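Colleague: I have the file open. Can you take me through it?

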Amino acid sequence: MSAVANFDRALARARRDPDEPQPLCEGRPDEFTPDVPPSEKEAKALCADCPLLAMCKEAARGRAEWGVHGGIVWLDGKQWHWLARFGLLSGEYEQYNIDQN
Ligand code: SF4
């Protein structure tokens, strides 16, 4: 089973059954898919205590999404801070300065 499918199943189980490990990001889109990228430290702290962290981080590489997943800021399956560090950001994300993050 792929990492994405694995994580999606865990998420579905969590939504069906409150006794299953629960993702800390549920219902908090402003923090996990913010307009302004959080710092690496902030992203790590957001997910630090999540029981799905390892599974979520693994799945994030296979998703074309923006936001914090597994304690890392992702943009289309790539780590946002790496893209910023190497000057590989384009479009709306170019405006954020890595020095501020
Ligand atoms: S690791 Fe972070 S983004 Fe992933 S499910 Fe947990 S809280 Fe949500």
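Colleague: Asp76 first. Is it buried or exposed?

Modeller: This is a predicted model, and in it Asp76 is exposed: 10 other C-beta atoms lie within 10 Å, and the cut-off for exposed is 12 or fewer.

Colleague: Where is Asp76 in the chain?

Modeller: Asp76 sits in the loop between β2 and β3.

Colleague: What is the phi of Asp76?

Modeller: Near 50°, so a positive value in a residue other than glycine. Most residues other than glycine have a negative phi.

Colleague: What sheet do the strands on either side of that loop belong to?

Modeller: An open sheet of three strands, ordered β1-β2-β3, with antiparallel pairing. β1 and β3 (78-79) are the edge strands; each has a single partner, so one side of each has no neighbour in the sheet.

Colleague: How many bridges hold β2 and β3?

Modeller: Two, in the antiparallel sense. Trp74 stands opposite Gln79 in β3.

Colleague: And how many bridges between β1 and β2?

Modeller: Four, again antiparallel, with β2 covering residues 72-75. Val68 has Val73 in β2 as its bridge partner. The two strands form a hairpin with two residues between them, and Gly70 in the turn has a positive phi of about 60°.

Colleague: Changing topic. Which residues are around the ligand?

Modeller: Pro23, Leu24, Cys25, Phe32, Cys47, Cys50, Leu52, Leu53, Cys56, Val68, His69 and Gly70. Gly70 is the glycine in the hairpin turn.

Colleague: Which elements supply at least two residues of that shell?

Modeller: α4 (53-60) and β1 (66-69) each do.

Colleague: What does the shell look like by class?

Modeller: It has 10 nonpolar residues, two polar and no charged ones.

Colleague: Now the largest nonpolar core. Which members touch the most others?

Modeller: The core has 15 residues, and those touching the most other members are Phe7, Leu46, Met55, Cys56, Ala59, Val68 and Val73. At least two residues each come from α3 (40-47), α4, β2 and α5 (80-85). α4 gives the most, with four residues.

Colleague: Cys56 and Val68 were in the ligand list as well.

Modeller: Yes, they are around the ligand and also belong to the core. In soluble globular proteins, nonpolar side chains tend to be buried together.

Colleague: What is Phe7 in contact with, leaving aside neighbours within four places in sequence?

Modeller: Leu52, Met55, Cys56 and Ala59. Of these, Leu52 is also around the ligand.

Colleague: Back to exposure, for Asp30. Where is it, and is it buried or exposed?

Modeller: Asp30 is in helix α2 (residues 29-32). It is exposed, with 8 other C-beta atoms within 10 Å. Its C-alpha atom is separated by 23 Å from that of Val4, 26 residues away along the chain.

Colleague: What about the whole chain? What is the secondary structure?

Modeller: Five helices and three strands, in the pattern α-α-α-α-β-β-β-α along the sequence.

Colleague: How does the radius of gyration compare with a compact globule?

Modeller: It agrees: the chain has 14 Å, and a compact globule of 101 residues would be near 13 Å. The C-alpha trace spans about 40 × 25 × 20 Å along its principal axes.

Colleague: What share of the residues is buried?

Modeller: Buried residues make up 21% of the 101. As for contacts with a separation of 6 or more, 46% are between residues 24 or more positions apart.

Definitions and conventions. Residues are numbered from 1 along each chain as its sequence is written. This is a predicted model: local features need pLDDT of at least 70, side-chain atom pairs count only at pLDDT 80 or more; totals for chains, interfaces and linings use all residues. A residue is near a molecule or strand if its C-beta atom, placed from the backbone, lies within 6 Å of it. Ala, Val, Leu, Ile, Met, Phe, Trp, Tyr, Cys and Pro count as nonpolar, Asp, Glu, Lys and Arg as charged, and the others, Gly among them, as polar. Two strands pair if DSSP finds at least two bridges between them. The radius of gyration is taken over C-alpha atoms; the globule rule is 2.2 Å times the number of residues to the power 0.38. A residue is buried if 20 or more other C-beta atoms lie within 10 Å of its own, exposed if 12 or fewer, and partly exposed in between; C-beta atoms are placed from the backbone. Two residues are in contact if their C-beta atoms, placed from the backbone, lie within 7 Å. A nonpolar core is a set of buried Ala, Val, Leu, Ile, Met, Phe, Trp, Tyr and Cys residues joined through C-beta atoms within 7 Å.
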